[in-house]
Amino acid sequence: MDDIRTWKFSNSVKPEQVSECLEQLSLIGPGTTLKLDLSETTDIHSNFIGFLIHARNHMQKTGGKLTLIISFTIEKILIMLNIWDYFSPDISTALSRKSA
């Protein structure tokens, strides 16, 4: 049976949430699918971008999978930072068309 974890984020991801995310990520076992639901998120701190990169690397190293469900705003941020291509295989859908 596949282990799928879903983390839903609010409209704003604060810097202090990143350390908690890192701690929770370290507890995820091999082969797990981690879904990060950012469909309602319109504001993220740069620390969280670093977390997303780390999470993708961590999940690949442990044989797991990262899936991002993103808002239109997060899509624009990833494109603006020129990291869209890095995450595009992990993006399942853009559910929300909220803008910044």
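## A tour from tryptophan 7 outward

Select tryptophan 7. Leaving out residues up to four places away in sequence, tryptophan 7 touches Cys21, Gln24, Leu25, Ile28, Leu34, Lys35, Leu36, Asp37 and Phe51. Contact here means heavy atoms within 4.5 Å. The model is predicted: local features need pLDDT of at least 70, side-chain atom pairs count only at pLDDT 80 or more, and totals for chains, interfaces and linings use all residues. Numbering starts from 1 along each chain as its sequence is written, and side-chain values use heavy atoms, without hydrogens and water.

**The core**

Now show the largest nonpolar core, which has 26 residues. Trp7, Leu36, Phe48 and Phe51 have the most contacts inside it. Such a core is a set of buried Ala, Val, Leu, Ile, Met, Phe, Trp, Tyr and Cys residues joined through side-chain atoms within 4.5 Å. Buried means under 20% relative accessible area, exposed means over 50%, and partly exposed lies in between (1.4 Å probe, protein chains only).

Colour the elements that feed this core. Helix H1 (15–26), strand S3 (33–38), helix H2 (46–61), strand S5 (65–71) and helix H3 (72–80) each supply at least two of its residues. Which element gives the largest share of this core? H2 does, with six residues. Helices (H or I, at least four residues) and strands (E, at least two) are DSSP runs, numbered from the N terminus.

**Strand S3 and its partners**

Select S3. Five of its six residues are buried, so S3 is largely enclosed by the rest of the structure. Add strand S1 (residues 4–8): S1 and S3 pair in the parallel sense over five bridges. Two strands pair if DSSP finds at least two bridges between them. Pick arginine 5, whose bridge partner in S3 is leucine 34.

Then add S5. S3 and S5 run parallel, joined by six bridges. Pick threonine 33, and find lysine 65 of S5 opposite.

**Threonine 41**

Move to the loop between S3 and strand S4 (43–44), where threonine 41 is found. Is threonine 41 buried or exposed? Its relative accessible area is 0%, so threonine 41 counts as buried. Beyond its neighbours within four places in sequence, threonine 41 is in contact with Phe9, Ser10, Asn11, Val13, Ser71, Thr73 and Ile74. Two of these contacts lead on to H3: Thr73 and Ile74 are among the buried residues of that helix.

**Serine 12**

Select serine 12, in strand S2 (residues 12–13). Serine 12 counts as buried because its relative accessibility is 12%. Draw two distances from its side chain. One is a polar contact of 3.0 Å to the side chain of lysine 14. The other, also a polar contact, is 3.0 Å to the side chain of aspartate 43. A polar contact is a pair of N or O atoms within 3.5 Å; within protein, one must be able to donate a hydrogen and the other to accept it, and residues adjacent in sequence count only if both atoms are side-chain atoms. Apart from residues up to four places away in sequence, serine 12 touches Gln17 and Asp43.

**Asparagine 47**

Go to asparagine 47, in helix H2. Asparagine 47 has a relative accessible area of 38%, so it is partly exposed. Asparagine 47 touches Pro15 and Val18, not counting residues up to four places away in sequence. Show C-alpha atoms: those of asparagine 47 and valine 13 are separated by 9.6 Å, with the two positions 34 residues apart along the chain.

**H3 and asparagine 82**

Select H3. The buried residues of H3 are Thr73, Ile74, Glu75, Ile77 and Leu78. Step past the helix to asparagine 82, in the loop between H3 and helix H4 (84–87). Asparagine 82 counts as exposed because its relative accessibility is 68%. Check the backbone: phi of asparagine 82 is positive, near 60 degrees. Most residues other than glycine have a negative phi.

**Zoom out**

Show the whole protein chain. How many helices and strands are there? The protein chain has four helices and six strands. Along the sequence they follow the pattern β-β-α-β-β-α-β-α-α-β. The C-alpha trace spans about 35 × 25 × 20 Å along its principal axes. Of the 100 residues, 42% count as buried. Among contacts between residues at least 6 apart in sequence, 78% join residues at least 24 apart.
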